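Please examine the structure shown below and consider how its helices and strands are arranged. The explanation that follows treats a few of these elements in turn.

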Amino acid sequence: MKTFCGRANPSTGAVDWVEESEEYDYHQEIARSCYADMLHDHDRNEKYYQGIRAAVARVKARGEKVVILDIGTGTGLLSMMAVTAGADFCYAVEVFKPMADAARCIVEKNGFSDKIKIINKHSTDVTVGPDGDMSMKANVLITELFDTELIGEGALPSYEHAHQNLVQDGCEAVPHRATVYAQLVESELLWSWAQLQEVEVEGVRLVPPPAVGHCSGAHSVCDIQLSQVSPHSFTPLSPLCTMFSVDFSKPVSSAPQSHCSQFVAQAGGRAQVVLSWWDIDMDPGGTIVCSMAPSWTYPQPRTAPWRDHWMQSVYFLPVETKVTEGEELSLTVCHDDYSLWYSLQTHSQQSSHSEARPSRPCCTCQAHLVWTRPRFGELNDKLRTESYVSALRSVLREDSVCLGVSDGSLLPVFAHMLGAKKVFSLENSRMPKQVIEQVLEANSMKGGVELLEIRPEQLSSNDLGGEQISVLMGEPYFNTSLLPWHSLFFWYCRTTLAGFLRPNATILPCSATLHMVAVEFQDLWRIRAPCGTCEGFDVTPMDEMVQQSLDFRESREAEPHHLWEYPCRALTQQTAVMTFDFTQCVPKQPIISQGSLPFIRSGRCHGVALWMEYHLTDDITVSAGLIGPISEQGDCEWSRHRKQGVYLFSSAWESSGDARAAVCYSFTFEPSLGDIKMDFSMESQ
């Protein structure tokens, strides 16, 4: 049986539906899973183990047999902990079949098959009774159903069903309780991810459309590694507020609810953003706590546990509100069965508003559906904008006819503001076209850019009014791009449009280079590293399953990551390994680049980081990767706007830093595919 999988095609800028074998989806799911990250999370595992021991002891102290229900068992780790702690029997529920199969292997390998039953079902389908999946209801409920937002994986409905159908009244629960915290802040950095800001071009202000400024934005949570957002990047306006708690040992409701926290503003400013995280108490007394708090809340930040499966949440308020120090405020969090949202009320609003629950944010302006949060940040980056404006200024003439090729880009608007005779822009769909139309209208430039909702291959001379293009421009940015080099779609567009270009036409950017550096990751390596033994249990079947899936296809592919969230040290110099000349059409033959980079710093090399740099003109370059020189110690500063490519080695390479060893690389750009194949090896002298 075959299956169809969506895959970005850099040569067409589209998502192609490619026929794959039935194993492909299975291997994709396993290869890109975060199970390794969880198994490497010693703090999480240790706290669960302590909580499980305490819960089992409390039930035994009552003279009862200990029957465990473990929902979302994954590898079976928590069930094995329970049996080791003295549980009489465990029902371990796992809905994902490959994972359930792995759990059976792991449980058998560790000698627990007689006391742990793996049930490959969703917990809401589990039955209890003589002929059921469970012969009796459990008196200890163990779960790991949480995501960064706490409830986003359906924890509340699962708990609700379990208490009604699968566990005894008064059962023990591990974790026992979860508590959600929030802090109101002002942050120019974070707010730039939510709202389009003013920009000045040649002394003229470009203002955002009113509809965008009044829009409450996209509803989905912004989950990030908040530890990597410096406290200098925001001003706390509130204390850390306890928003609500859920007691998992009692019946849980998935019905929509709201909770308020009242406080006095500890500083004046613009209330824009809510930072949020949660912790879980593994025991009723709250003595065993697993916290998701960012590292800068710790007295010693380096002691904070790292995890990627649970991060922190950023929520953007529906409207920016000016508050004064000492003002009485009320922060409200609402949730349904899968998500949270926040709103802020001043003292006057509290007294005048009804008790109606604040509605869930919903984008009404379309901009938040067209532009992702990193894309908002990119459009609001004044230094980046100045680079593009300077480059355009240097190439535009009074008779310039410009064509923009990028999704939802402001470059054509800038070209119009800089005095181009005529500006066209290709938009891949109606929605980005309508957003740019709003920008033009808000700035009294309606008609200043002719927006064409067609693909490059559909363009005709009539669409251009018979004009030939003197400046073809792009950032480039395309919504379908996953990896850095997917933006080479611009090159394919330039090739398709060659017949519409004047003989001396300017291409902006004129070229791009692919860069690489070999790195030691502080923590990111954990997401793919084999675990072997976890808290004393052999989980090698899990390692083998992940490796088989990686070997199926993924092992020779890079993966996209926002590296500003994942600190790393450069162990080599950074170098350009491939150049793409946009002034020429895409070649017919592959481009091949081979070479080596000596290790100049000691450390453990976990892989390489890859990114694109766009050369707008001979002297203006914009980097989508490193945005500053590498420090003497190897510290790297990465662009927040784009994801970089990461190629993780199957095992770390040791570097002494004496340049006697090197990373050897081989890159092949396949013009027919628009993709880059790569291979790496280590060479010692």
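**Strand 8 and its partners**

Strand 8 and strand 15 (residues 269–281) run antiparallel and are joined by nine bridges. Within this pair, T179 stands opposite D279 of strand 15. The model discussed here is a predicted one.

Strand 15 is one of several partners to consider. Strand 8 is also joined to strand 13 (residues 241–247), by six bridges, and these two strands run antiparallel. Here R177 faces D247, a residue of strand 13. A further pairing in the antiparallel sense links strand 8 with strand 12 (residues 235–236) over two bridges. In that pairing, E186 is found opposite T235 of strand 12. As a general principle, the strands of a sheet pair through backbone hydrogen bonds, in either a parallel or an antiparallel manner.

Why can strand 8 be called largely enclosed by the rest of the structure? Strand 8 comprises residues 177–186, and nine of its ten residues are buried, so the strand is largely enclosed. A residue is counted as buried here when its relative accessible area is under 20%.

**An open sheet of three strands**

A separate description may be given of an open sheet formed by three strands in the order 14-18-19, with antiparallel pairing. Strand 14 (257–264) and strand 19 (340–346) stand at the edges; each has a single partner strand, and therefore one side of each lacks a neighbour in the sheet. On average, neighbouring strands of this sheet are turned by 20 degrees against each other, when direction is ignored. Strand 18 (residues 328–335) is joined to strand 19 by seven bridges, and the two run antiparallel. One residue pair here is L329 and T346, the latter in strand 19, which stand opposite each other.

**Two helices in contact**

The account now turns from strands to helices. Two packed helices are described by the angle between their axes and by the distance between those axes. For helix 3 (residues 42–61) and helix 4 (residues 77–84), the angle is about 40 degrees and the axes are 9 Å apart. This angle makes helix 3 oblique to helix 4, because angles from 35 up to 65 degrees fall outside both the roughly parallel and the roughly perpendicular ranges. The crossing of helix 3 past helix 4 is right-handed.

Which residues make the contact? Helix 3 contributes R44, N45, Y48, Y49, I52 and V56, while helix 4 contributes L77, L78, M81, A82 and T84. By character, the residues of this contact comprise eight nonpolar, two polar and one charged.

Methods: Residues numbered from 1 in each chain as written. Predicted model: local features only at pLDDT ≥ 70, side-chain atom pairs only at ≥ 80, totals over all residues. Heavy atoms only, no water. Axes fitted to C-alpha atoms, helices over the stretch in contact; angles between N-to-C directions. Helix = DSSP H or I, 4+ residues; strand = E, 2+ residues; numbered from the N terminus. Parallel < 35°, antiparallel > 145°, perpendicular 65-115°, else oblique. Left-handed = near helix turned anticlockwise from the far one by under 90°. Contact = heavy atoms within 4.5 Å. Nonpolar A, V, L, I, M, F, W, Y, C, P; charged D, E, K, R; others polar. Pairing = 2+ DSSP bridges. Buried < 20%, exposed > 50% of the residue type's maximum accessible area, 1.4 Å probe, protein only.
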